[in-house]
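Trainee: Could we walk through this model together? I'd like to start with one side chain and then move on to the empty spaces.

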Amino acid sequence: MFRQKVREAIRLAIAELKREGALPDFVIPEFSMAAPEDPAHGDYATNAALVIAKLTGGKPVEIARLIAGKLKASEIAAAAIAGPGFVNLTLADGSLTGALSAALRKPEQWWRSEAGKGKTVRVEYFQLNIAKRPHVGHLRSVVIGDAIKRMLLAFGYDAKSDTHVGDWGTQFGILLYAIKQLRFDVAGYMEDDPLARYEMLYSFYNQASQDSALVERLKSQGWGSDTTDWQNIHERGKEEFVKLERGDPENRKIWQRLVDISMKKLGESALRLGLAPFDMHRGESFYEPMMPEIVALALFKDVAKKTGDGAVVADLTADGLDEAVLIKSDGASTYLLRDLATLKYMKETLNFTANLYVVDVRQSLHFKQVFRVAKRLGFEGVEESTHIEFGFMTLPEGPMSTRKGTAIELEALLFEAATKVSAIIKEKNPDLENRDLVAKAIGLGAIKYFDLSHHRRSDIVFRWHEVLTFEGNTGPYLQYTHARFRSIVRKATNGTKGTKVPEGVALDPTEHRLLAAVLRLPEAIEDALKDYTPNTLANYLYTLAQLANEFYHSHPVLQEPDEAKRKLRLALVSGVVLTLAKGLDLLGIQAPDEM
């Protein structure tokens, strides 16, 4: 990466200035290296002089001049002082074209890094509950998590993805009670969307528990039996879940069928979303045998106490984290206990260097409690565990809710996106081959990019006209830019393979800026992984696409009369195609060759 080379050149310049006495002796501090907001100001800007001035009491501009005068790296063509003491650096054309040539020779390697070699990272996302169909509410976790995994793999990490399926808890007790009372044939409905029926049944019973008029109508229609306790459904559900935890054969049989159907649906959804393959599908039930030992340890170490009603609770009020319940008063386990077992098991089996939970911000307190209790229990892996929280996605009319019927099913969302894009393609390019496949790729890419272009902590409002526009910071804009440049390469006689960069050809300012941007892909990945923010990579790709389109409208490629210049521009176009395709792939988005 050029950024690392330039950083090292600056450190060597500072060290030389210290040896000469131009600067006092001090430990060289960390300083920033970033691309200026205005590319005309250079390829990188550093605040090294400002940091040193604060440390030594010197004048920033004078220190900046000293550093600029000492820079001798072959990669740097010019250094200029800006503002209160920033040093703007411009890379040499030869260094850029040499790097492009190397990238085109090894298109599957140049953007990679070995920074994570030998390090294992567990990434938990999706977390789909069994007996429920995936909806838009699941989208942020899976899209963000998938992008993080892909970037980790690109940087050499052994990234292990885990769906951590929600297949345990009182909600399944409620569903079990409903199925048994209404005598549903759980083995049936395989051909008739069983998850829709189970989801309806669960929601149905939740409503019935609070609506006496609904209960009377159901009774009059013969639903349930004389012993069906409609308005205490949550208590009956708790009882059924406790029976499930204790191994009741009938409950286990029904529950297992729910799991089998749901896991099949999860696999279909993952395939439809174009996700990188999951490494693990460890449901919460997997950790059931490990939980009694953790409860016993918590009681033995006085981390938790048993209350008068039989619950097991860790008092975290002194830490401002309320009480953390491990076991409920009815004897049922909690999410917190299951997550404690997960953390312990995963550290022991994977020996991870990082453990990431891609879960929405509403679970912030929960994970703080998990990490605090785990630390008190002496579990390893706590310091390496991080909640990668994200904000809400809502509709213009307000929050989405499964219970209120305002949540958009994921399958319906993807179908509508493809339908809308297909109509656009039919209007703009009616002769396009494989229109349906391209429409699916653009529609899915638009939805993913809309999410990933926002900072993960931001709340976002889903609006179709913002998602599917071919202008501005959107997935279709990036995909169209890729297709536009791919068409140039396709028309060239030598194609992408073997494209050579001629030596000694000077770059004009637009070519220089575009090539420097192309070569920043590894830096964009590195920056995105610092705080697990895929929008950093998305924004880089958008900036690159803007520069590429500026180049497209002002610089002929195949029509350029000068042969050396034509070859240079074709190589540059190939670099744009390669970078956009790979960058989009790291976000889980396809880059169609034609649109």
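Trainee: Which backbone oxygen does the side chain of Gln369 reach?

Mentor: The side chain of Gln369 reaches the backbone oxygen of Leu321, at 2.7 Å, which falls under the rule for a polar contact (a pair of N or O atoms within 3.5 Å, where within protein one must be able to donate a hydrogen and the other to accept it, and residues adjacent in sequence count only if both atoms are side-chain atoms). Before we go on, please keep in mind that this is a predicted model, in which local features need pLDDT of at least 70 and side-chain atom pairs count only at pLDDT 80 or more, whereas totals for chains, interfaces and linings use all residues. Residues are numbered from 1 along each chain as its sequence is written, and side-chain values use heavy atoms, with hydrogens and water left out.

Trainee: Is Gln369 buried or exposed?

Mentor: Gln369 is buried, because its relative accessible area is 9%, and the cut-offs are under 20% for buried, over 50% for exposed and partly exposed in between, with a 1.4 Å probe and protein chains only.

Trainee: And where does it sit, and what does Gln369 contact?

Mentor: Gln369 belongs to helix 13, residues 364-377, where helices are DSSP runs of H or I with at least four residues, strands are E runs of at least two, and both are numbered from the N terminus. Leaving aside neighbours within four places in sequence, Gln369 is in contact (heavy atoms within 4.5 Å) with Leu316, Leu321, Asp322, Glu323, Ala324 and Leu336.

Trainee: Switching to Arg456, which backbone oxygens does its side chain reach?

Mentor: The side chain of Arg456 reaches the backbone oxygen of Glu389 at 2.7 Å, and the backbone oxygen of Asp531 lies 2.9 Å from a polar atom of that side chain. Arg456 is in the loop between helix 15 (435-452) and strand 13 (460-461), and Arg456 counts as buried because its relative accessibility is 2%. Not counting residues up to four places away in sequence, Arg456 touches several residues, among them Arg140, Phe390 and Tyr532.

Trainee: What about the largest nonpolar core, how many residues does it have?

Mentor: The largest nonpolar core (buried Ala, Val, Leu, Ile, Met, Phe, Trp, Tyr and Cys residues joined through side-chain atoms within 4.5 Å) has 180 residues, and those with the most contacts inside it are Ile10, Ile14, Leu139 and Leu537. Helix 21, residues 563-586, gives the largest share of this core, 11 residues.

Trainee: Now the empty space: how much lies in the second largest pocket?

Mentor: About 450 Å³ lies in the second largest pocket. On a 1 Å grid over the protein atoms alone, a pocket is an open set of points with protein on both sides within 12 Å along at least five of seven lines, a cavity is a set where a 1.4 Å probe fits but cannot get out, and lining residues have an atom within 4 Å of a point. Of the 22 residues that line this pocket, the closest to its centre are Ala35, Pro36, Arg520, Tyr540 and Thr543, and helix 20 supplies the largest share of the lining, six residues.

Trainee: And which residues line the second largest cavity?

Mentor: The second largest cavity, with about 40 Å³ of space, is lined by Phe2, Tyr44, Leu91, Leu96, Ala516, Leu519, Arg520 and Glu523.

Methods. Grid points are joined across faces, edges and corners, and a volume is the space filled by probe spheres set on the points.
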